[in-house]
Amino acid sequence: CFKCLNFKVFKVFKVNPVLEMIFTYDINKNSSKCNVVGCTKYISGKHSSNLEKHIFALHKNEYKDLTKAKLSKSGASIENVQLHNKAMRKNEQSLMSQFVNVQKKSIRIDMDQQKLLDACVELVTVNGRPFCLMQDSGFKKILNPILEAFGTAENINQELELVDYLKSMEKRLFGLTMIDFRKLAFQLAEINGYSHRFNQADRMAGQDWMNSFLLRHPDLSIRKPEATSGARAMGFNKVAYTQFFNLLTDCIDKYKLNANRIYNCDETGITVNPKEQSKVGILTSAERGETVTAVICFSASGAYVPPMLIFPRKRNQPHFSTGLPSESWVECHETGWITSELFLKWFMKFIEFSRATKEDPVLLLFDGHSSHTKNLPVINAARENGVVLLCFPPHCSHKLQPCDVSFMKPLSTYYEDEVRKWLRCNPGKVVTLGNISSLFGAAFIHAATMRTAMKGFEATGIWPPNNNVFSDEDFLLSIVTDIVPTTLSNEKDADPQCLKSTFPIESPENILPIPKVKQTEKRNSRKRGKTAILTESPYKNDLQISLEAAKKNKEEKEKKRKEKNKLTKRQLFIPASKKKRKVQREKEDSTSSEDDPDAKCLYCKKLYSKSNEGWISISINSQNVREHVTTTASSICEEISNDLKNHMVSLKIDGVTRHNRSFLGINVQYMFGDTMDLKIKTLSIGEVLGGHTSENLKTMVFDVLQKYGLSKNQLFSITSDNAPNMMKMIDIIASEIFENEVVDAINPIPLTLKVRRAVHTLNLAVEEGLKIQSIRNVITRARKVVKKLRTPTYAGLLKVRNEKQAIIDIETRWLSTFDMLKRLLDTKSFCKELEETMPDLKLSNDDWDKIASMVTSLEPTKIGIIQLQKSDIIMGDFYSCWWNIMAKLDKIQTNLSESLRNAMERRGKLLFQNPIFAAAAFLDPHFQSTLSEDEKCLAKDHLAKTWNILQTQVIVPQLMDTDENNESTTLNAETECDQIDDPLENFILSQSRTNLLISSPEDHSIRLLLEEFDNVPRIHHKRDIRTYWLDNKNNKPE
């Protein structure tokens, strides 16, 4: 350094002479004004170097005077300064001689080329200065003489050209990967004749060179590219933007719009499982979530329209709106997407919010979705209410739409934060559709700020209008699709950058050119979307014509399809005689030594030649099969309709949902013929197209009844499960049937049709009985063992030992808990053998005993559920099965059996309060004695009302006098059956001894006949009730 070499240095001035002589410093503005005549420039600050540079560049004479003043003030002369500089250069040379050998004008430096370049890079980048400083004129004076010795000055310029090429390709969305770039570097070195040590086998530059290149150019980095639609890359071009901006400015000038009257709306998807940017593990709601659409709209002044959410459901639920911002609302659609009808609903709310009128119009900007641009009702409503609709150019919303530019990203970020907070505060739970509204509401309140809305309109140049907001670099993506004439396809690219290339032979653009589209064939003539004002008459008229043409085209296609599917005239039936004669002629005319193969019947396998029956030849195709199925179905429907005439019937109704499609099944049950055969027929299995409301289901039931010619008054009962919509549907049907019924003044109870499904009621009673905590704990431990047994390891061991596989219980499968425990009990020996080595299979002896006890207690209910699933079951069968289960549970005497019996007793009381059950038990001598007096009165009233309806439907035989043959045809249970140990029989016998009041009828009215039948001699419960009534059909025809 100069201090160590004892060089004489200038003294430091306490006062800046330049500032003192020529400049005036303004402390308030922190700037120095030049006082030279004719110069009015201001220099920032008062640093002498900056001020001297200004004087040296613009005022040469003043600079000479300033130099003389400095020398005179320091006491030095010009000659002394020159001598001082000469001595300093001499000492510098002696100092440099210690490191370099100077021979004449050449310099020999003991330093590696790469080390020197790295030192230069480190010198100019150590303080964050860019690498381009190496191109600075001052730095080149120092560096170029040294680099010329190595021939490296051009290499730096070539690297800079390579950097510019990489950036240009990235802006065009054709960025190079590391492998591509290393291969390009190898090709450049080979073609241009540079000496290198790259890998000749792989034909690419090494990884070390790549790392060194990135260090030399810190403005380059390796990033994972974001997927960009090709349509967006080509769509955002200068032509489309200019058209849109011209329409925008025309609307603003024509209607004199301001920030309060310009709006933008868009839709975004919200899921229960938002995407996470980080790769680290984080709890989410599910692998895949359902999507809810939110309609967002705000103005250029920062006013937000209350958002509308569209849930993927058919019916709206009250909790869907919980937590939404004020005035927001919810709509439902099967897909959860925006439709033309839903957008019209939102648009009417928008008109109300914006207060648009023809005198004070509003401009609404949106994208080209079909629900926006091909929606005639919206366009008509906009024209009537003074809303100007302007559509963005296709595939440009990512640049031009304020919602996409400024709002959607903050909304998504805040929503992800709310979901994470909710999951953290609710461990063990997942986000469902019911939580989306509150989470979205909180995120919307955070994101919906005035600054965000105003910045969105400003960044897109919509308000204030600014067509210079996008530079030429923003349109680079569309340059690759600019059409290049085919005549220039074989010529070299005349790009100016290629002409100025620093590479001697081939530049990067010549080896890997920038892709450009060349038009070799005519473009598709399909009509594409465009930016337009939708509320103007030309667009509206064109849209109306196109929609009518599309509708007409659709109708023509449907007509052609129907004509194509019509059954063509062909001979489907060939008489047997002609068929045989034809076969005989073919045999006689055949010259082949081999006989033709004889056809076989698909069912009886007999040969055609040996069959005596007439055969029918039908070609198997879709038309014939469709016609055959239709004809057969019509004949079956006609047969059922004839059977159901003048009969009271019972309907059995149930619904099912599979793969997002709902179906309603309807069966009919009735007695037919003199033998009183119980028949069950399926009337319909139809898809539920509307909502699962009671009104919609009632309409489907009435349509099926009308199809089979059944009147409402023929319905005796409707059996269904305990679903609320099913129960309400039956009540509505009953109210419509009996709305004109004269209400009895003594007992004003309307006639009912509702019957709860027996097996479903029994299963509910079992589920209620299993709610004992100690039992549930054992079931939980047993379920864990069963899950282990179902894994491939244990399942394979069970298969090797020829043992049955474990069964897991399913909530919707009736009494599957019994099946699981019973099968687990069968594998007890297997689990005991392996519990020492496999602790997952270990259960205590107490648990095994409890499982065995539960299986014993649940077995009667399992048998009962199987019996109640028979197709020909009647009320008496259910009554018998119910009391048999309760009697068996009494004998078991365990905690579970007692709980099950109590649950069945509670549900049985509610079940037998149904007048239909009471009427069935009253007409059944097996169980009549078990009814109380109140239940008998309920049964008689129901039967009397049913009789009045029956008289209007069927031909009622004349009342026949009853005689003493009743007693002869009615067998006494005590004489018919031997006394055996039967709990149900003993129970019925004990009840029959309490009601022995016998009354004789005074007239032939139905009530007197019912009174006469009261306390009828009991028959044994194992005797078939239908056989009993066949024997007494003539005695008691009513």
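Which loop does Gln 893 lie in? Keep that one in mind; we'll come back to it at the end of the tour. Just remember as you click around that this is a predicted model.

**Stop 1: helix 18**

Select residues 450–459, which make up helix 18. Colour Thr 452, Ala 453, Gly 456 and Phe 457, and you have buried residues of this helix. They span an arc of only 130° around the axis, which puts them on the same side of helix 18. Now swing the view round to the face turned away from that buried side: here you'll find Met 450 and Arg 451, both exposed.

What covers the buried residues of helix 18? Show strand 6 (262–271), strand 7 (291–299), strand 8 (304–311) and strand 10 (362–366), then add helix 16 (402–425) and helix 17 (433–447); the cover includes all of these.

**Stop 2: just past helix 18**

Carry on along the chain to Gly 461, which follows helix 18 and has a positive phi, near 75°. Next, pick Trp 463 and Pro 464 and look at the peptide bond from one to the other: that bond is cis, with omega near -10°. Pro 464 sits in the loop between helix 18 and helix 19 (476–479).

**Stop 3: His 395**

Jump back to His 395, in the loop between strand 11 (387–391) and helix 15 (397–400). Its phi is near 60°, a positive value in a residue other than glycine. Is His 395 buried, partly exposed or exposed? With a relative accessible area of 45%, His 395 is partly exposed.

**Stop 4: two packed helices**

Select helix 28 (residues 773–789) together with helix 30 (residues 816–826). Their axes are 10 Å apart, and the helices pack at an angle of about 65°, so helix 28 and helix 30 are roughly perpendicular to each other. Helix 28 passes helix 30 in a left-handed crossing.

To see who meets whom, show side chains. From helix 28, pick Ile 779, Ala 782, Arg 783, Val 785, Val 786 and Leu 789; their partners in helix 30 are Thr 817, Met 820, Leu 821 and Leu 824. The residues of this contact between helix 28 and helix 30 divide into eight nonpolar, one polar and one charged.

**Stop 5: Gln 893**

Time to settle the opening question. Gln 893 lies in the loop between helix 33 (875–892) and helix 34 (895–912). Check its backbone: phi is near 60°, which is positive in a residue other than glycine. Switch on the surface too, as Gln 893 counts as exposed, at 68% relative accessibility.

Conventions. Residues numbered from 1 in each chain as written. Predicted model: local features only at pLDDT ≥ 70, side-chain atom pairs only at ≥ 80, totals over all residues. Heavy atoms only, no water. Buried < 20%, exposed > 50% of the residue type's maximum accessible area, 1.4 Å probe, protein only. Helix = DSSP H or I, 4+ residues; strand = E, 2+ residues; numbered from the N terminus. Arc of directions from axis to C-beta. Contact = heavy atoms within 4.5 Å. Axes fitted to C-alpha atoms, helices over the stretch in contact; angles between N-to-C directions. Parallel < 35°, antiparallel > 145°, perpendicular 65-115°, else oblique. Left-handed = near helix turned anticlockwise from the far one by under 90°. Nonpolar A, V, L, I, M, F, W, Y, C, P; charged D, E, K, R; others polar.
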